[in-house]
Amino acid sequence: MTINLVVEEALANSLKKLMMTKSIKQIHVKEITNESSLSRHTFYNHFHDIYELLKWIYEREVIEGIDLYCSLDSWKKGIDLVLNYTYENKRICLNTFNSLGRDHLESFLYQTFFRVVSSVVDEISRDLQLSEEVKDNCKDFYTNALMGVFISWLKKDLSETPESMARKIDQMLSGVVVYTLTKISKEANTL
């Protein structure tokens, strides 16, 4: 592990610890550096601000692992990963969602779900005659659908279990993307 990574993880752990008891908008860089026994200068050598550190946490802890589940056969496991991470880090995720960091969380969610959906759409459409515009529209639509379900879950303070949420998502999405892309492809070929 590089020194940079050790420093970044120390700062991340400090921020996560502070977010267990304080809103992110109440946390200052000085508190993070005091908690991690690092200097403000060190913090700013690695991150522009607290929100960039928060983004790094989400990318490192979830987005990097999602690539294993970007296929038609494993997309459900990728969604499970995001749901379980959110539930296990409930206070931090809700803290982010209910603060000025909400944009960062929504960006993280879009980026995460888009990776999964994009790979699935590309895999399904490999043998179909579809324009890039149709594929892009499909990717954006289903990514936003997943985000909508997820944000609704956050608004309800994660009151349902990740398993319950996964079942709902599975019920709404399983087979739907395949059906949609196949239907569009057939319609395009009959014109």
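**Entry 1. The chain as a whole**

I count a residue as buried when its relative accessible area is under 20%. I applied this cut-off to a predicted model. Of the 191 residues of the chain, 44% count as buried.

I then looked up the secondary structure. The chain has 10 helices and 0 strands. Read along the sequence, the order is α-α-α-α-α-α-α-α-α-α.

For the extent of the chain, I took the box filled by the C-alpha atoms along the principal axes, and it comes to roughly 65 × 35 × 25 Å. The exposed surface of the chain is about 10,500 Å². Carbon and sulfur atoms supply 52% of that surface.

I also looked up how contacts are spread along the sequence. Among contacts with a separation of 6 or more, 71% are between residues 24 or more positions apart.

**Entry 2. H46**

Where does H46 lie? I found H46 in helix 3, which covers residues 40-46.

Is H46 buried or exposed? The relative accessibility of H46 is 18%, and the cut-off for buried is under 20%, so H46 counts as buried.

I next listed what H46 touches, leaving aside residues up to four places away in sequence. The partners are N4, V7, E8 and E52.

I also checked the separation between H46 and E123, which are 77 residues apart along the chain. Their C-alpha atoms are separated by 37 Å.

**Entry 3. Helix 7 and helix 8**

I turned to helix 7 (residues 102-124) and helix 8 (residues 132-155). The axes of these two helices come within 8 Å. They cross at roughly 135°.

How are helix 7 and helix 8 oriented to each other? An angle over 145 degrees would count as roughly antiparallel, and 65 to 115 as roughly perpendicular. The crossing at roughly 135° falls in neither range, and helix 7 and helix 8 are therefore oblique to each other. The crossing of helix 7 with helix 8 is right-handed.

I sorted the residues of this contact by class, and I recorded 14 nonpolar, 3 polar and 7 charged residues for helix 7 with helix 8.

**Entry 4. Helix 5 and helix 9**

I examined a second pair, helix 5 (residues 75-88) and helix 9. Helix 9 covers residues 162-173. The axes of helix 5 and helix 9 come within 9 Å and cross at roughly 145°. This crossing is right-handed.

I noted the residues that make the contact. From helix 5 they are W75, K76, I79, D80, L83, N84 and Y87. From helix 9 they are P162, E163, M165, A166, I169, D170 and L173. By class, the contact of helix 5 with helix 9 has 9 nonpolar, 1 polar and 4 charged residues.

**Entry 5. D157 and L158**

I closed with the loop between helix 8 and helix 9, where D157 lies. L158 lies in the loop between helix 8 and helix 9 as well.

I looked up the backbone angle phi for both residues. Most residues other than glycine have a negative phi. Phi of D157 is near 55°, a positive value in a residue other than glycine. L158 has a positive phi of about 55°, although L158 is not a glycine.

Which accessibility class does each residue have? D157 has a relative accessible area of 43%, and this lies between the limits of 20% and 50%, so D157 is partly exposed. L158 has a relative accessibility of 1%, and L158 therefore counts as buried.

Conventions:
Residues are numbered from 1 along each chain as its sequence is written. This is a predicted model: local features need pLDDT of at least 70, side-chain atom pairs count only at pLDDT 80 or more; totals for chains, interfaces and linings use all residues. Side-chain values use heavy atoms; hydrogens and water are left out. Helices (H or I, at least four residues) and strands (E, at least two) are DSSP runs, numbered from the N terminus. Buried means under 20% relative accessible area, exposed over 50%, partly exposed in between (1.4 Å probe, protein chains only). Contact means heavy atoms within 4.5 Å. Axes are lines fitted to C-alpha atoms, for helices over the stretch in contact, and angles run from 0 to 180 degrees between N-to-C directions. Angles under 35 degrees count as roughly parallel, over 145 as roughly antiparallel, 65 to 115 as roughly perpendicular and the rest as oblique. A crossing is left-handed if the near helix is turned anticlockwise from the far one by less than a right angle, and right-handed if clockwise. Ala, Val, Leu, Ile, Met, Phe, Trp, Tyr, Cys and Pro count as nonpolar, Asp, Glu, Lys and Arg as charged, and the others, Gly among them, as polar. Accessible areas come from the Shrake-Rupley method with a 1.4 Å probe; for residues, only the protein chains shown count as cover.
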